[in-house]
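Open the model in a viewer and follow the stops below in order. Each stop says what to select and what is there.

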Amino acid sequence: MKLEKPTFPAPDHDHGRCAADALTHAERVCELRSRKFTPIRRQVLEALLSSHRPLGAYEVIEALAKSMPRPAPITVYRALDFLMGNGLVHRIESRNAFLACAHDHDSTAMVAFLICERCGSVGEIPAAPIAQSLGAAARITGFAPRMSVVEITGTCAHCQKV
Ligand SMILES: [Zn+2]
Ligand SMILES: [Zn+2]
Ligand SMILES: [Zn+2]
């Protein structure tokens, strides 16, 4: 996973640019994999790209309902499944919410999510070494880990300044 983008963009960053880049990335991924980036998949991703905060499925539905007939939950869940399956969206387990990902990593890469308790933004960092040592520590006890999620709550650098 390359970290060419800041984990927590500054509050005054050009988010329009940020969201546009993420959409271009999604288009490229779908093209490379010969998967269709259908209108609903794009609309769901656009809703998630409205900020760096994860949204629950119902918040996505509410966001979409502002510009189109209210989509059925199953339609939105299917689009989310597609986006997650292609590494374009992550599920934040502890929030039961979904986060758009513009990082260029494959869908099996281990990442840790940093969840800011003040602004609600979520950043991601590569976590393969941590995941390996946690997995190893679990296996010593005879446990078969299926863990794929590391979530760390705290305060982002921007919120610490205010
Ligand atoms: Zn942004
Ligand atoms: Zn990611
Ligand atoms: Zn914050």
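A residue counts as buried when its relative accessible area is under 20%, and as exposed when it is over 50%. By that cut-off, 39% of the 162 residues of the chain are buried. Keep in mind throughout that this is a predicted model.

**Stop 1: the whole chain**

Begin with the cartoon view of the chain, which has 6 helices and 5 strands. Followed along the sequence, these elements come in the pattern α-α-α-α-β-β-β-β-α-β-α. The C-alpha atoms fill a box of roughly 50 × 40 × 30 Å along the principal axes. The radius of gyration is 16 Å, which agrees with the value near 15 Å for a compact globule of 162 residues.

**Stop 2: zinc ion (ligand 1)**

Select the zinc ion (ligand 1) and show the side chains that coordinate it: His13 through NE2, His15 through ND1, Cys18 through SG and His52 through NE2. The donor distances run from 2.0 to 2.4 Å. What arrangement do the 4 donor atoms around this zinc ion form? It is tetrahedral, because the angles they subtend are 102 to 120 degrees. For comparison, ideal angles for four tetrahedral donors are 109.5 degrees.

The spacing of the donor residues of the zinc ion (ligand 1) in sequence is H-x1-H-x2-C-x33-H. Now color helix H1 (residues 15-32), where Cys18 lies, and the loop between helix H2 (39-48) and helix H3 (57-65), where His52 lies. These parts are 34 residues apart in sequence, so the pair ties them together.

Add a surface to see how the two residues differ in class. Cys18 has a relative accessible area of 17% and is therefore buried, while His52, at 23%, counts as partly exposed.

**Stop 3: the hairpin of E1 and E2**

Move to strand E1 (residues 89-92), which is joined to E2 by 4 bridges; the two strands run antiparallel. E1 and E2 form a hairpin with 4 residues between them. In the turn, select Asn96, which has a positive phi of about 50 degrees. Across the pair, His90 stands opposite Leu99 in E2.

Is strand E2 (residues 97-100) covered or open on its two faces? Both faces are covered: Ala97 and Leu99 are buried on one side, Phe98 and Ala100 on the other. In a regular strand, side chains alternate between the two faces of the sheet.

**Stop 4: zinc ion (ligand 3)**

Next, select the zinc ion (ligand 3), whose donors are the SG atoms of Cys116, Cys119, Cys156 and Cys159, at 2.3 to 2.4 Å. This site is tetrahedral, with angles of 104 to 118 degrees among its 4 donor atoms. The donor residues follow the spacing C-x2-C-x36-C-x2-C in sequence. Two of the donors can be checked for accessibility: Cys156 is buried at 5%, and Cys159 is buried at 10%.

**Stop 5: helix H5**

Finish with helix H5 (residues 128-140), which has 13 residues. From its first C-alpha to its last it reaches 18 Å, close to the 18 Å expected at 1.5 Å a residue.

Which residues in H5 are buried? Ala131, Gly135 and Ala138 are. They cover an arc of only 65 degrees around the axis, so they lie on the same side of H5. Turn the view to the face of H5 away from its buried side, and the exposed residues Pro129, Gln132 and Ile140 appear. The last selection is Gly142, which follows H5 and has a positive phi near 90 degrees.

Terms used: Residues numbered from 1 in each chain as written. Chains lettered and ligands numbered in written order. Predicted model: local features only at pLDDT ≥ 70, side-chain atom pairs only at ≥ 80, totals over all residues. Heavy atoms only, no water. Donors = N, O, S within 2.8 Å, 3.2 Å for Na, K, Ca; no water. Tetrahedral: all angles 85-135°; square planar, octahedral: opposite > 155°, others 65-115°. Buried < 20%, exposed > 50% of the residue type's maximum accessible area, 1.4 Å probe, protein only. Expected span 1.5 Å × (residues − 1). Arc of directions from axis to C-beta. Pairing = 2+ DSSP bridges. Rg over C-alpha atoms; globule rule 2.2 N^0.38 Å.
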